[in-house]
Amino acid sequence: MIEIRDLHQAYTGRGGTVEVLKGIDLTVPEGSITAVVGPSGAGKTTLSHCISLLEKSTRGEILVDGSDLSRLRGRQLRSARRAIGTIFQHSALLRRITVAENVALPLRNLGVVHHEMQDRVAELLDRVGLLHKADSYPGQLSGGQRQRVGIARALALRPRILLSDESTSGLDPDTTAQILALLADLRTDLGLSIILITHEMDVVRNVADQVASLSHGRLAEYGSLP
Ligand code: ADP
Ligand code: ADP
C-alpha cells in the first residue's frame, strides 16, 4: 500500500516561490488501480516525479508499507526506487538498442548475470505479448507495442507499484483500451498497485477503482467509482 500524506512541492526561482503541490493526501490500496486526473498545469507531472522519487518534495510523506520513501538517501533511496516501476509517456525507449536490450537495462544496471537476465527478459516480453519482437528495434514497433515494451521494462525489478505517467496519451482509443486491459491483468496476476496519471478522464473511467482529481495543486475530488 502507498500512502501520500500532506505532500507539498514548491519551486523557487527569481520570481519567488511557486507552490505546485499544496498538501496532497492519497491512499492507494494494495492491488488497486487509482487514477489521478486533472487539466494541464494542475501538478500531475510534479506529483508523478515525487512518487517516482525523481524529485524530492518540500514537505510531506510518501509511505510504502509504512516506510517514508521521500526522506531516504543514497543506497536506501536507490533500493526504495525499485518498489515503484514507471511507465513514461511515449515509452522513453532507447532507439539504438533492441527491445530485449531495453527491457534488460534495469537488470544490467544491477549486475544480474547474463543467462538469468535473458530468462527474465524473455519472461517479461512474454507477459506483455511481445516475445516475438525481442530482436526488433523500437523504431520498428507501433506506438502500442512500444508502450508494452515500456511496461515490461518497468516490471524488470519486480516493483510492487506501477506508476503510469500519461502512458496512453497519443495512442488511438483501441490501443489505449488494450494497454489499460494489460495493466488490469498485471494488477490481478501480480497483485500490483497501479497509479494512472492522465489528463484524459474518459480513459480511466472503466479501469480505475478510485479517481482523484487534481486541480491547482490540490485534490479536488476523491472517491470510489461505482
Ligand atoms: P501538469 O503535469 O498537470 O500539466 P505540472 O506538474 O507540469 O502540471 O506543472 C504544474 C505547475 O507547476 C505549472 O504551473 C508549472 O509551470 C509549474 N512547474 C512545474 N515544474 C516547475 C519547475 N521546475 N519550476 C517552476 N515551476 C514549475
Ligand atoms: P512465484 O511466487 O511462484 O514467483 P508469482 O505469482 O509471485 O509466483 O510470480 C509469477 C511470475 O511473475 C514470476 O516469474 C515472477 O518473477 C513474476 N513476478 C511476480 N511479481 C512481479 C512483479 N511485481 N513484477 C514483475 N514480475 C513479477
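A polar contact here is a pair of N or O atoms within 3.5 Å. With that in hand, here are the close-ups of this predicted model.

**View 1. Backbone atoms of G41 and A42 meet oxygen atoms of ligand 1.** Zoom in on A42 and you'll find one of its backbone N or O atoms 3.2 Å from an oxygen atom of ligand 1. That pair counts as a polar contact because the limit is 3.5 Å. G41 joins in with a polar backbone atom, which sits 2.6 Å from an oxygen atom of the ligand.

**View 2. T45 reaches ligand 1 with its side chain.** Here a polar side-chain atom of T45 comes to 2.5 Å from an oxygen atom of ligand 1. Pull back a little and look at the cover: on its own, ligand 1 has 570 Å² of accessible area, and the protein covers 56% of that.

**View 3. The whole shell around ligand 1.** The stretch P39, S40, G41, A42, G43, K44, T45 and T46 is here, along with Y11 and V20. Helix α1, which spans residues 44–51, gives the most to this shell, with 3 residues. Sorted by type, the shell has 5 polar residues, 4 nonpolar ones and 1 charged one.

**View 4. The largest pocket, at about 670 Å³.** Its lining takes in 21 residues, and the ones closest to the centre are R81, I84, T86, P106 and L157. Four elements each put in at least two lining residues: α2 (74–81), β6 (84–87), α3 (99–110) and α5 (143–155). The largest share belongs to α3, with 4 residues. By type, the lining breaks down into 12 nonpolar, 5 polar and 4 charged residues.

**View 5. The second largest pocket, at about 160 Å³.** Look for A100, E101, A104 and R108, together with H114, M117, Q118 and V121, and you have the lining. Two helices, α3 and α4 (114–127), each supply at least two of these residues. The mix is 4 nonpolar, 2 polar and 2 charged.

**View 6. Helix α3 at both pockets.** Which helix gives the largest share of the lining of the largest pocket? That's α3, with 4 residues. Follow α3 over to the second largest pocket, and there too α3 supplies at least two lining residues, as does α4.

How values were computed:
Residues are numbered from 1 along each chain as its sequence is written. Chains are lettered from A and ligands numbered from 1 in the order in which they are written. This is a predicted model: local features need pLDDT of at least 70, side-chain atom pairs count only at pLDDT 80 or more; totals for chains, interfaces and linings use all residues. Side-chain values use heavy atoms; hydrogens and water are left out. On a 1 Å grid over the protein atoms alone, a cavity is a set of points where a 1.4 Å probe fits but cannot get out, and a pocket is an open set with protein on both sides within 12 Å along at least five of seven lines; lining residues have an atom within 4 Å of a point. Grid points are joined across faces, edges and corners, and a volume is the space filled by probe spheres set on the points. Ala, Val, Leu, Ile, Met, Phe, Trp, Tyr, Cys and Pro count as nonpolar, Asp, Glu, Lys and Arg as charged, and the others, Gly among them, as polar. A residue is near a molecule or strand if one of its heavy atoms lies within 4 Å of it. A polar contact is a pair of N or O atoms within 3.5 Å; within protein, one must be able to donate a hydrogen and the other to accept it, and residues adjacent in sequence count only if both atoms are side-chain atoms. Accessible areas come from the Shrake-Rupley method with a 1.4 Å probe; for residues, only the protein chains shown count as cover.
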